[in-house]
Amino acid sequence: MPSTPSRGSVALVTLGCTRNEVDSEELAGRLSAEGWTLVEDAADADVALVNTCGFVEQAKKDSIDTLLEAADLKESRRTKAVVAVGCLAERYGQTLADELPDADAVLGFDSYRDMSSHLTAILAGERPASHVPSDRRRLLPLSPVDRSAAADAVALPGHGDGEAFVRSRLGGGPWAPLKIASGCDRRCSFCAIPMFRGSFVSRRPTDVLAEARWLGEQGVSELFLVSENSTSYGKDLGDLGLLEKLLPELTAVPGVERVRVSYLQPAEVRPGLLAAMAETPGVMPWYDLSFQHCSETVLRRMRRFGGTEPFLDLIGRVRDRQPLAGVRSNVIVGFPGETEADVDELERFLTQARMDVVGVFGYSDEDGTEAESLGDKLPEHVVLERVERITGLVEELTAQRASERVGERVIVLVEDHDEDDEGVAIGRAEHQGPDVDGVCLVRTADGAVPAVGEFVEGEVVDSVGVDLVVDVR
């Protein structure tokens, strides 16, 4: 068969979370199947396709800066077109297009399946109409159990086309994100994600497994299950325990050695899920628990449940089964109405929780959220002071937690080599998640550096912040 002539070249630039990485790889798969040549550098591409993030203010700024940089390439005639997609484009649409006239198009999720035609038209000199945002929660039935039949008619990036999914890997590392669901039904007062990602929709287990098998064939040994809320998986398919049943099937996929579950909503963590995660061989002892705060007063204003004691109890139940488990979370400080007593309570919780990683964010208004209209807003300098205060505590506590691991035996998945020290490999132990949870710096007695993708066992001999120094003996 003759090869399909190239329609042009495209570089996918991805910002934000691992969920966006899955979406970019689906776009890459669709474009490649339509005859587009994928290149790494936007300066070498006909089209710079920027998958933006619209989560918080800094992420929006980073996305806009990236789009402006791509527009500069167009001005220098190194790139012919710049197209914005992703969460920022979905969330703001025409408004973003008005602010960035150098972008040739701002396209929403509904354009993903026909992205090839849009890019072809753009290179021919046309300018597609900019996306018009809407509340995507209204696209599906209110009742979760009624969504499955209607979901096929709604664009769900990263869900592919059933078992005949389309995806091209944009990196060659030994781990990869695998999307199990999209959207969220919770109504946290500070969060805009449900408005532009829509109501919660689970991928069918057969579709998830098909993609997992493909990733295993691509050399992926660790699957990183991603969604907006993994603890809700299966509720719209009539089985809230579906994740517990899916985990053993995923760990049995040829080539897959590890499965890691991200984003567990504390209010929805069930005893059965904790048991399945602890007892299923190959599921990593890593718990990504979205606490956000611990003061009951602040949590209720956030439209969330829990508090210091319930959260400590949850962590305790995890460690009762797996004493060496990794536990991570994020917290927001400076939320409207937060008092000094609330911050003191947060400090008490963090000190007792002894988590491995904690992300600290300062509150900022998000367009269209309930919290935007709340009273008792704190001055910006107070928010910044509290961010600095809690960040300092977290850095001290997580460094202590890492130092407590000295003497542990760990199995490390090697992901890279240290550019500054040829004898050191970089990887992650079972309790460390990708990208933001710290790494293991691996040294061998004979100086032979393990290959990327190799699993090595060693002893933790030192710590540097949240990173661990591991000697293979």
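Arg 386 counts as buried, at 7% relative accessibility. Buried here means under 20% relative accessible area, exposed means over 50%, and partly exposed lies in between (1.4 Å probe, protein chains only). The model is predicted: local features need pLDDT of at least 70, side-chain atom pairs count only at pLDDT 80 or more, and totals for chains, interfaces and linings use all residues. Residues are numbered from 1 along each chain as its sequence is written, and side-chain values use heavy atoms, with hydrogens and water left out.

**Salt bridges**

A salt bridge is a side-chain nitrogen of Lys or Arg within 4 Å of a carboxyl oxygen of Asp or Glu. By this rule the count is 50. Arg 386 forms one with Glu 338. This pair links distant parts of the chain: Arg 386 sits in helix α14, Glu 338 in the loop between β12 and α13, 48 residues apart. Glu 338 also counts as buried, at 3% relative accessibility.

Helices (H or I, at least four residues) and strands (E, at least two) are DSSP runs, numbered from the N terminus.

| Pair | Closest N to O distance |
|---|---|
| Arg 386 and Glu 338 | 3.0 Å |
| Glu 340 and Arg 389 | 3.0 Å |
| Glu 459 and Arg 473 | 3.5 Å |

Glu 340 and Arg 389 meet in a salt bridge. Glu 340 is in helix α13 and Arg 389 in helix α14, 49 residues apart. Glu 340 is partly exposed at 43% relative accessibility. Arg 389 is partly exposed at 28%.

The side chains of Glu 459 and Arg 473 pair as well. Glu 459 lies in strand β17 (residues 455-464) and Arg 473 in the segment after β18 (467-472), so the bridge ties together parts 14 residues apart in sequence. Glu 459 is partly exposed, at 25%. Arg 473 is exposed, at 63%.

Salt bridges with shared partners join Glu 338, Glu 340, Asp 344, Glu 347, Arg 386 and Arg 389 into one network.

**The sheet under α14**

Three strands form an open sheet in the order β11-β12-β13, with parallel pairing. Strands pair if DSSP finds at least two bridges between them. β11 and β13 (357-362) stand at the edges with a single partner strand each, so one side of each has no neighbour in the sheet. Neighbouring strands are turned by 15° against each other on average, direction ignored. β12 and β13 are joined by 6 bridges. Asn 330 has Gly 359 in β13 as its bridge partner. Helix α14 packs on the sheet and touches β12 and β13; its direction makes about 175° with that of β13. Contact means heavy atoms within 4.5 Å. Axes are lines fitted to C-alpha atoms, for helices over the stretch in contact, and angles run from 0 to 180 degrees between N-to-C directions.

**Helix α12**

Helix α12 (residues 308-321) has 14 residues and reaches 21 Å from its first C-alpha to its last, close to the expected 20 Å. The expected span is 1.5 Å times one less than the number of residues. Its buried residues include Phe 311, Leu 314 and Val 318. Seen down the axis, the buried residues fall within an arc of 155°, so they line one face of the helix. The cover over them includes α10 (271-279), β12 (326-333) and α14 (380-403).

**Positive phi**

Gln 292 is not a glycine, yet its phi is about 70°. Gln 292 lies in the loop between β11 and α11. At 8% relative accessibility, Gln 292 is buried. Asp 435 has a phi of about 80°. Asp 435 is exposed, at 60%.

Terms used
The arc is that of the directions from the helix axis to the C-beta atoms.
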